[in-house]
Structures are given as structure tokens and as C-alpha cells.
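Open the structure in your viewer and get ready to click along. We will stop at one place after another, and at each stop you will hear what to select and what is there.

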Amino acid sequence: MQIKSLDEYNAVYKQSVEQPEEFWAGIADHFLWRKKWDKVLSWDFKEPNIKWFEGAKLNITENCLDRHLEENGDKPAIIWEPNDPEKDTITLSYKILHEHVCRFANVLKKNGVKKGDRICIYMPMVPELAIAVLACARIGAVHSVIFGGFSARAIADRINDAECKLVITADGAYRGNKQIQLKDVIDDALIGCPTVKKVVVLTNTRTPISMIKGRDVWWEDELKLVGSECPAEEMDAEDMLFILYTSGSTGKPKGVVHTIGGYMVYTGYTFANAFNYQPGEVFFCTADIGWITGHSYIVYGPLSQGATSLMFEGIPTYPDASRFWQIVEKHKVNILYTAPTAIRSLMSFGTEPIKGHDLSSLRVLGSVGEPINEEAWHWYDEEIGKGNSPIVDTWWQTETGGLMISPIAYVTPTKPSYATLPLPGVQPVLVDEEGREILGNGVSGNLCMKFPWPGILRTTYGDHERCRQTYFSTYPNLYFTGDGCLRDEDGYYKITGRVDDVINVSGHRIGTAEVENAINMHTGVVESAVVGYPHDVKGQGIYAFVIYPNTHGDVELTKMDILKTVTRVIGAIAKPDKILFVTGLPKTRSGKIMRRILRKIAEGETTNLGDTTTLTDPAVVDEILAALQKV
Ligand code: WT7
């Protein structure tokens with residue numbers, strides 16, 4: 001399954017485009033199926049209706065666990081590094097992980113979970129999170145993992161959208177020197193969630209929490225009541241594996257749905273290739289399992305390939321900015337997969353934190369989540385990779401399930417700030433505003449895909465029409481990514497950023513409409529407009545222009561009130577970095593906010609604001625500039 005040379009890549013890529021079904025069937029043959037497929041692919045991008053490996057039967061946990069037991073049962077599947085470096089590492093071999101997953105799957109069954117039920121997981125980055133995810137998959141329940149930074153209200157919306165029956169959580173989480181009271185947040189969320197009947201609570205921080213009789217049970221108590229045998233549920237390839245909520249241009253996050261067979265094949269194949277994983281190596285993906293990167297490249301991709309996946313509970317700067325390098329040295333990490341925002345943040349501490357740490361085990365470096373600027377790319381290459389670890393800049397999305405455009409380490413070339421070439425099976429096209437394909441090289445346009453790959457999303461939960469509208473209606477017969485992209489003279493792709501109203505803050509996708517809705521919920525706010533602006537560490541920051549005629553007391557206090565409201569409605573991750581109180585917003589005669597102007601102002605541009613004559617009231621712009629002058 002692993003590509004070994006550039007010539008082979010070229011040949012494989014050609015086959016993957018000319019005979020996609022034969023190609024993917026060949027890849028899928030490397031996995032364990034209870035019954036093989038009747039048809040490799042059926043698709044149309046109109047409905048959309050996409051099916052891979054139809055008729056096949058399998059369980060993804062048999063691929064991630066059972067099939068490795070005989071030969072590699074004692075090999076580490078997960079190495080867990082705690083937030084506090086003084087605490088012990090935990091290593092789970094494939095055998096032990098298998099047993100934990102089976103046991104916890106029995107806990108879920110005991111608590112009434114059945115195939116097809118939706119389960120919300122809101123947990124810290126502890127091994128039990130991976131166990132909970134796999135336990136759902138074991139019995140055919142659909143997991144919806146929610147990142148630990150979301151608020152009670154955001155959780156409630158997601159739980160209700162998916163009609164989750166059970167929640168898996170913990171008392172609290174450690175993050176650097178902070179503790180997060182996860183169970184308290186869940187308790188607040190559940191006031192508005194009638195479908196949830198049970199809550200399983202893991203002891204982690206052992207902070208006092210409320211436990212409601214008949215609803216809440218302790219993870220540890222439940223384990224004592226079940227056995228360790230749990231046969232895997234036989235699933236259809238196109239059964240749902242999970243829902244993962246992500247933001248878009250409208251206010252409401254959507255539940256991206258991935259199905260079992262295609263997702264498994266795609267994450268396994270891309271993992272094995274792009275990172276050039278070799279048996280016995282330690283793979284360290286620094287993402288949180290609450291995001292797609294963690295789903296695909298901490299859990300499913302590495303485990304289906306029998307790899308050793310390192311899972312880290314903490315943050316790069318705790319106890320200090322040498323933490324990643326300590327971990328690399330301690331566990332002899334071979335492949336490090338992290339985000340540009342982390343690289344830039346660590347870069348700001350200089351090279352001192354790196355000194356004295358043996359990074360010689362590193363062989364491949366990865367980047368994901370946002371465009372990596374050249375400066376960060378070179379620092380990563382020189383200071384971390386010492387010039388001899390290829391950097392795979394992997395472009396993909398929650399909706400694509402796995403890596404799409406990326407170098408293949410030791411096989412295809414790298415180029416600073418370029419995601420470079422499509423992986424086999426991926427057929428990118430650039431289109432202009434009218435949807436016409438832009439051919440040739442040295443061109444820019446909107447990035448689309450013209451053919452499905454096994455990891456593509458199948459729907460948005462409970463609202464297929466929304467899936468069609470968001471991804472498949474802008475350009476007929478194409479999947480639209482929402483990204484702008486350049487294809488250089490050599491045919492290498494460079495992602496230039498979102499072309500829709502989505503901001504990418506530290507690699508987290510945040511919809512401007514969502515933040516505006518949250519700000520507008522604050523009493524006294526008349527209207528707001530949110531745009532992204534370049535931020536040295538986060539990539540993009542959030543800039544909010546807010547109309548709030550009668551600020552309460554101190555202006556700074558009022559800003560803090562608004563931040564509190566946003567934190568309550570969405571979570572701390574969506575807090576604006578800057579708030580400017582204004583008297584009006586630039587609008588066209590049809591009432592549309594002209595974000596282009598606001599974006600320029602947020603970038604610090606005050607003179608070349610472009611054409612403002614189509615505004616209902618061009619004077620608004622001067623008022624905004626005057627407000628800016630005052631602060
Ligand atoms: C958006 C997807 C993919 C997992 C993490 C984010 C941006 C992602 C890159 C990259 C430039 C990138 C795109 C994309 N993005 N990777 N290597 N270079 N931009 O997942 O939250 O679904 O966000 O992140 O804009 O559309 P996500």
C-alpha cells in the first residue's frame with residue numbers, strides 16, 4: 001500500500017484517476033472485511049449521493065484492534081503523555097486497548113446503547129477518550145465528540161441536533177495550569193436536552209461534582225459490572241461511524257457525517273503514505289480528538305495500520321515552551337504532526353527551549369489546519385527537523401475525512417508554504433467565479449474536487465439539503481471546498497485561505513455569523529459584524545465591530561461583558577481578539593454588510609478602502625475610522 005518512489009507516485013496517481021474503482025478496491029483489499037463489497041462506488045454530486053464499498057460488512061474496531069492481536073498484541077497502540085510531566089506515562093498495548101474497548105462497550109450496552117444510537121463524548125485528552133470512541137464503534141453506536149472548549153449552550157445544540165441518548169464525560173480536565181470543570185458544563189447543557197437518559201462520568205481531576213441518581217453513573221463503578229468479551233457488531237460499509245460538528249458561513253454548526261468503510265480505507269491509506277510510517281515508529285499528532293485531525297490521525301488512521309500513536313493531554317507551553325521537545329526526546333518520536341499556530345507560538349520563544357533536547361529520532365514533520373507561512377516552515381525545517389526531515393504540509397478538511405493535498409514523505413517533493421500535490425484518488429480543479437474550470441499552471445481560483453474519494457462526507461446530520469447547498473450547489477457537479485488556491489508553474493498547489501465567511505483561528509474553524517449571533521445576544525447590542533484579520537501566532541484573529549449605543553460604565557468593562565456572553569454562547573475559542581464600538585456598519589443598499597471594507601480596516605488599512613460609493617451611507621466609514629482613532 002505504501003508508495004516508494006516518485007515514479008511510482010506518478011503511475012499510481014494516473015491509475016487512481018483512470019480506474020478509480022480498481023484502484024480503491026486494491027487499497028481496500030488491505031483491510032479486514034467480514035464480507036467484501038458488491039460495488040466499489042456509486043455517486044452523483046447533484047443529490048449528493050455517494051456510496052463506497054456498498055454491500056460490504058465490517059467493523060472498524062476489528063481493523064484497528066483485533067487484527068493486530070495475534071502478531072502485535074504487545075506492541076504499544078497508544079502512549080499517553082500527561083499534562084503534568086511529573087505524572088506517569090501510560091502505555092496501552094493493542095491487547096490491553098482491545099480489552100478496555102470491549103469492556104467499555106459492554107458498559108454502553110448495559111446502559112441501553114444500541115446500534116445506531118448517537119453518543120455525545122465530552123472528555124479530556126486521556127486514554128479513556130480514545131477508548132470511548134472505539135467502544136461506540138465496536139457496538140455500532142455513532143459518536144459525536146465535542147471539543148472540551150465548547151460551552152454548555154453549544155453542547156446542548158449539538159446534543160439536540162443529533163438526539164444523543166447518552167453522554168460520556170469526566171469530572172474535569174487539566175490544560176496547562178488550568179482545570180476545566182467538564183461535568184459542570186455538561187450539567188448545564190443537559191437542562192435543555194430531553195433525549196439524554198444517561199451520563200457516564202470518568203474520574204480524572206477528582207473535583208467535587210453533582211451526580212444525579214438514575215441518570216449519572218461513574219465509569220469506574222460500571223466497569224466492575226461487566227465482562228471483557230464484546231463481539232464486534234457487524235456493520236454495513238455505509239453505516240454511520242460518527243458525526244463531527246463544524247462551522248460554516250451560517251450561524252448554526254453542521255454535523256458532518258462520515259461512514260465506516262470509506263473513512264477507514266481513506267484514513268488508513270493516507271496515514272501510511274503521507275507520513276511514510278514504518279513499523280515500530282512512534283507517531284505524535286498534537287491535535288485534540290475533539291477535532292477531525294484527532295479522529296483521523298490519533299485514533300482511526302494509525303490504529304488501522306497497527307501504528308503506535310502518542311496522545312498528549314497538555315499544551316505546548318506547559319510547564320514551559322520545551323514541552324514538545326521533551327516529549328519527542330522521552331518517547332523517541334519519529335513523526336511529529338502539529339499545527340502552524342503551535343509552531344509560530346514556539347518560535348516566539350526562540351531556540352533556547354530546544355537546546356539540550358535530542359530530536360534525532362524525528363524523521364518526518366507534518367503541518368495541518370491553516371496555511372503555514374514561509375518563516376514558520378523554515379524554522380520547523382531547520383530548528384526541529386535539522387534540515388533532514390521532510391515537512392508534509394497536509395491540506396484537508398473535516399468534510400474530507402483525511403488528507404487530500406500533501407507531499408508524501410520521502411516520495412514527492414516539498415515546497416515551503418505549499419501543500420504541493422494531490423494524493424492518489426484526489427482530483428482537484430480550480431474554478432473561476434462562474435464555475436468555469438481554470439486549466440493550465442500558474443493560475444489561481446476556487447478549489448473544488450471533481451471526483452469522490454472514500455473519505456468524503458456523506459451528508460450533514462438531519463439536513464441533507466444543507467449538505468447539498470453548502471458543498472455541491474455553488475458549482476454544478478463539483479465539491480466546493482470553500483478555499484482559494486494557487487497552482488504554480490510546476491503544478492503545485494498552495495492554499496491561500498477561505499473565500500467564505502469562515503475564520504481560521506489557530507487552526508479552528510469559526511463562522512463569522514456564529515460569533516455575530518453570540519455578540520448580538522448581549523443586551524444593548526444593536527448589531528455587529530465580525531471579520532478575520534492577520535494574527536502573528538493564531539494565523540487569524542477575530543475582529544468585531546459592534547453597535548452598542550449605551551455602554552454600561554467603563555467601555556473596557558462593556559467589552560469584557562461581551563466576551564463573557566460569547567464564551568457562554570459558543571465557548572472561549574470564539575472570543576473576539578478586538579472589539580471596536582461603532583455607530584454604524586457599512587451596508588449596501590440591499591442591506592448587506594460590506595465586509596471587504598471592514599476586513600481592510602481590521603488589517604490596519606485606513607486609506608485604500610476601495611469603492612465605497614455603493615454604500616447607503618458612505619459617511620459610516622469615516623465614523624468607524626474616527627472611532628478607531630480614539631482608541
Ligand atoms: C480548513 C478546514 C484538516 C484538519 C484541521 C482543520 C484550512 C487545513 C490546511 C493546510 C492551508 C489549511 C483550510 C480548510 N486548512 N489544512 N495544510 N494549508 N489551509 O479542519 O476545521 O475542517 O478546517 O482549514 O481553509 O478549508 P477544519
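The tour below starts at the ligand, moves on to the nonpolar core, and ends with some single residues in loops and a strand. Keep in mind throughout that this is a predicted model.

**Stop 1: the ligand**

Select the ligand and show the residues around it. There are 17 of them, and those that come nearest are Asp393, Thr394, Thr398, Asp483 and Arg509. Now zoom in on Thr398: an N or O atom in its side chain is 2.5 Å from an oxygen atom of the ligand. The protein covers 96% of the 550 Å² of accessible area that the ligand has on its own.

Which elements give two or more residues to this shell? Colour helix H10 (292-304), strand S20 (391-394) and strand S25 (493-498), and you have them.

Next, select Glu370 and Pro371. A backbone N or O atom of Glu370 lies 3.4 Å from a nitrogen atom of the ligand. For Pro371, too, a backbone N or O atom is found 3.4 Å from a ligand nitrogen.

Before leaving, colour the shell by residue type. You should find six nonpolar residues, six polar ones and five charged ones.

**Stop 2: the largest nonpolar core**

Select Trp33, Phe53, Leu97, Phe104, Ile121, Ile168 and Tyr300. These residues touch the most other members of the largest nonpolar core, which has 173 residues. Then highlight helix H5 (residues 127-139), which gives this core its largest share, ten residues. Try colouring by domain as well: at least three core residues come from each of domain 1 (6-315 + 394-459) and domain 2 (502-630).

**Stop 3: the loop after strand S20**

Go to Thr400, in the loop between S20 and strand S21 (428-431). Is Thr400 buried or exposed? Its relative accessible area is 0%, so Thr400 is buried. Draw a distance from the C-alpha of Thr400 to that of Gln326: the two residues are 74 apart in sequence and 33 Å apart in space.

Stay in the loop between S20 and S21 and click on Ser417. Phi of Ser417 is near 70°, a positive value in a residue that is not glycine. With a relative accessible area of 7%, Ser417 is buried.

**Stop 4: another positive phi**

Now jump to Asn477, in the loop between helix H14 (464-472) and strand S24 (479-487). Asn477 is another residue other than glycine with a positive phi, here near 65°. What is its relative accessible area? The value is 43%, so Asn477 counts as partly exposed.

**Stop 5: two cis peptide bonds**

Select Glu47 and Pro48 and look at the bond that links them. This peptide bond is cis, with omega near -10°. Pro48 sits in the loop between strand S1 (39-44) and strand S2 (49-54).

Then move to Tyr318 and Pro319, where the peptide bond is also cis, with omega near -5°. You will find Pro319 in the loop between strand S17 (308-312) and helix H11 (323-331).

**Stop 6: a tryptophan in a strand**

For the last stop, pick Trp80 in strand S4 (residues 76-81). Buried or exposed? Trp80 has 6% relative accessibility, and residues under 20% count as buried, so Trp80 is buried. Finally, add Val126 to the selection: it is 46 residues from Trp80 along the chain, while their C-alpha atoms are separated by 7.3 Å.

How values were computed: Residues numbered from 1 in each chain as written. Predicted model: local features only at pLDDT ≥ 70, side-chain atom pairs only at ≥ 80, totals over all residues. Heavy atoms only, no water. Near = heavy atom within 4 Å. Polar contact = N/O pair within 3.5 Å; in protein donor to acceptor, adjacent residues only side chain to side chain. Areas by Shrake-Rupley, 256 points an atom, 1.4 Å probe, with all protein chains shown as cover. Helix = DSSP H or I, 4+ residues; strand = E, 2+ residues; numbered from the N terminus. Nonpolar A, V, L, I, M, F, W, Y, C, P; charged D, E, K, R; others polar. Core = buried A, V, L, I, M, F, W, Y, C linked by side-chain atoms within 4.5 Å. Buried < 20%, exposed > 50% of the residue type's maximum accessible area, 1.4 Å probe, protein only. Domains from an automatic or database assignment.
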